[in-house]
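Subject: Structure handover

Hello,

Here is the structure you were due to receive. My notes on it follow below the entry.

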Amino acid sequence: MPNQVLGADKSIEQINQERMNLFKKAETITQIPWYVLASVDQYERNVRRTRNDIPKAKGVIGIYIRPEVWAGMQNPDQSDTNPTSISLFGGMGIDGNGDGKAEPDNDEDVLFTFAAYLLSYGIDLENIKIGLWDYYQRDKTIGLISGHMKLFQKYGRLDLDQHSFPVPIRFNYSFKNTWGDARGWGGRRIHEGTDIFANYGVPVSSTCYGIVEMKGWNRFGGWRLGIRDSSNTYHYFAHLNGFADGLQVGQIVEPGQLIGSVGSSGYGPPGTSGKFPPHLHYGMYKDNGRTEWSYDPYPQLKVWERAEYRKRKRK
Ligand SMILES: [Zn+2]
């Protein structure tokens with residue numbers, strides 16, 4: 001399949017390269033690590049995608065700074081691009097590309113503005129996180145951005161969107177679209193996920209690059225695990241028989257990495273099992289910077305499953 005095209009005739013690879021160049025340039029000048037800027041940008045881009053109260057990004061950087069924050073609350077000209085008057089009114093906006101204007105929809109201006117803001121706190125991660133907290137004032141957001149940082153720092157690249165099907169296709173399994181069914185075993189009022197039926201002990205693997213955000217027992221979900229990927233999406237695996245050895249909260253996982261096995265745990269105190277046929281309950285949740293909601297994972301599962309079959313054919 002050809003590379004996805006965004007507006008102009010640029011591939012995802014080209015766009016990521018442009019982004020990386022901007023992050024590295026800002027790092028050189030401000031000493032704020034590139035992966036910090038990349039993580040803020042990634043977080044904001046994903047929020048922007050899910051919200052219609054924020055204008056679409058014009059360039060390759062996704063960070064959005066509200067006009068009153070950019071120009072200054074008391075600034076009579078909320079679309080002010082004059083760095084001097086912006087600074088006079090306590091606005092955040094600075095001129096990053098040296099054209100004499102501070103424009104909130106210019107990639108370099110917005111990125112350098114954010115980097116300069118963080119720099120006012122310091123260049124070590126502790127202080128950067130305080131700066132992020134003062135800016136976003138939401139624990140969840142800081143958690144998401146911190147997770148992105150870990151991933152970008154470890155892999156040294158921006159494209160961590162690869163996914164895989166959670167059960168090896170060589171095993172017997174079956175699933176159908178049960179989104180919103182009143183029945184099914186998910187532990188919520190409506191069924192928020194897809195049940196993949198398979199035998200006890202069939203391996204379950206991560207569907208994404210991400211950070212293990214939650215692991216343990218839940219009354220309905222049984223032994224369950226949550227992984228947060230670099231698109232702010234939470235991948236939820238429930239009713240497991242057990243977890244992969246040594247798997248820990250905060251750990252980085254990759255697509256296809258073993259995380260546990262299929263079981264029928266749940267619907268009772270810790271260790272309860274066998275109240276329903278063994279299956280993997282798989283759910284997906286998205287965060288938009290304010291709240292989190294579940295969406296139907298079935299279409300994604302079909303895409304990932306087909307990709308696995310294509311891979312097998314090629315071998
Ligand atoms: Zn289920």
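To start with one residue: not counting residues up to four places away in sequence, Tyr136 touches Thr141 and Ile142. Tyr136 is placed in helix H6. It counts as partly exposed because 17 C-beta neighbours lie inside 10 Å, short of the 20 needed for a buried residue. The C-alpha atom of Tyr136 is separated by 33 Å from that of Gly246, a residue 110 places away along the chain.

Please keep in mind that this is a predicted model. Mean pLDDT for the chain is 93, with 95% of residues reaching 70 or more. Residues 1-6 have pLDDT below 50, and in the model this stretch has six contacts beyond near neighbours in sequence.

Helix H5 and the core

Helix H5 covers residues 107-119, 13 residues in all. From first C-alpha to last it reaches 18 Å, close to the 18 Å expected at 1.5 Å a residue. The buried residues of H5 include Val110, Leu111, Phe112, Phe114, Ala115 and Leu118, and also Asp107 and Asp109. Among the elements that cover them are helix H1 (12-30), helix H2 (34-50) and helix H6 (125-136), the last of these being the helix that holds Tyr136.

Leu111 and Ala115 of this helix also appear in the largest nonpolar core, which has 61 residues. Both are listed among the residues with the most contacts inside that core, together with Ala26, Val36, Leu37, Phe237 and Leu280. H2 gives the most to the core, with eight residues. Domain 1 (12-65 + 104-155) and domain 2 (173-314) both give residues to this core, so it lies between them. Leaving aside neighbours within four places in sequence, Leu111 is in contact with Leu22, Ala26, Leu37, Ile61, Ile63 and Gly96.

Positive phi values

Two residues to look at in the backbone angles are His239 and Tyr267. His239 is not a glycine, yet its phi is positive, at about 70°. His239 lies in strand S6 (residues 233-243) and is buried, with 31 other C-beta atoms within 10 Å. Tyr267, also a residue other than glycine, has a positive phi near 65°. Tyr267 sits in the loop between strand S8 (258-262) and strand S9 (279-287). With 17 other C-beta atoms within 10 Å, Tyr267 is partly exposed.

Regards

Terms used:
Residues are numbered from 1 along each chain as its sequence is written. This is a predicted model: local features need pLDDT of at least 70, side-chain atom pairs count only at pLDDT 80 or more; totals for chains, interfaces and linings use all residues. Helices (H or I, at least four residues) and strands (E, at least two) are DSSP runs, numbered from the N terminus. The expected span of a helix is 1.5 Å times one less than its number of residues. A residue is buried if 20 or more other C-beta atoms lie within 10 Å of its own, exposed if 12 or fewer, and partly exposed in between; C-beta atoms are placed from the backbone. Two residues are in contact if their C-beta atoms, placed from the backbone, lie within 7 Å. A nonpolar core is a set of buried Ala, Val, Leu, Ile, Met, Phe, Trp, Tyr and Cys residues joined through C-beta atoms within 7 Å. Domain bounds come from an automatic or database domain assignment. pLDDT is the predictor's confidence in each residue, from 0 to 100.
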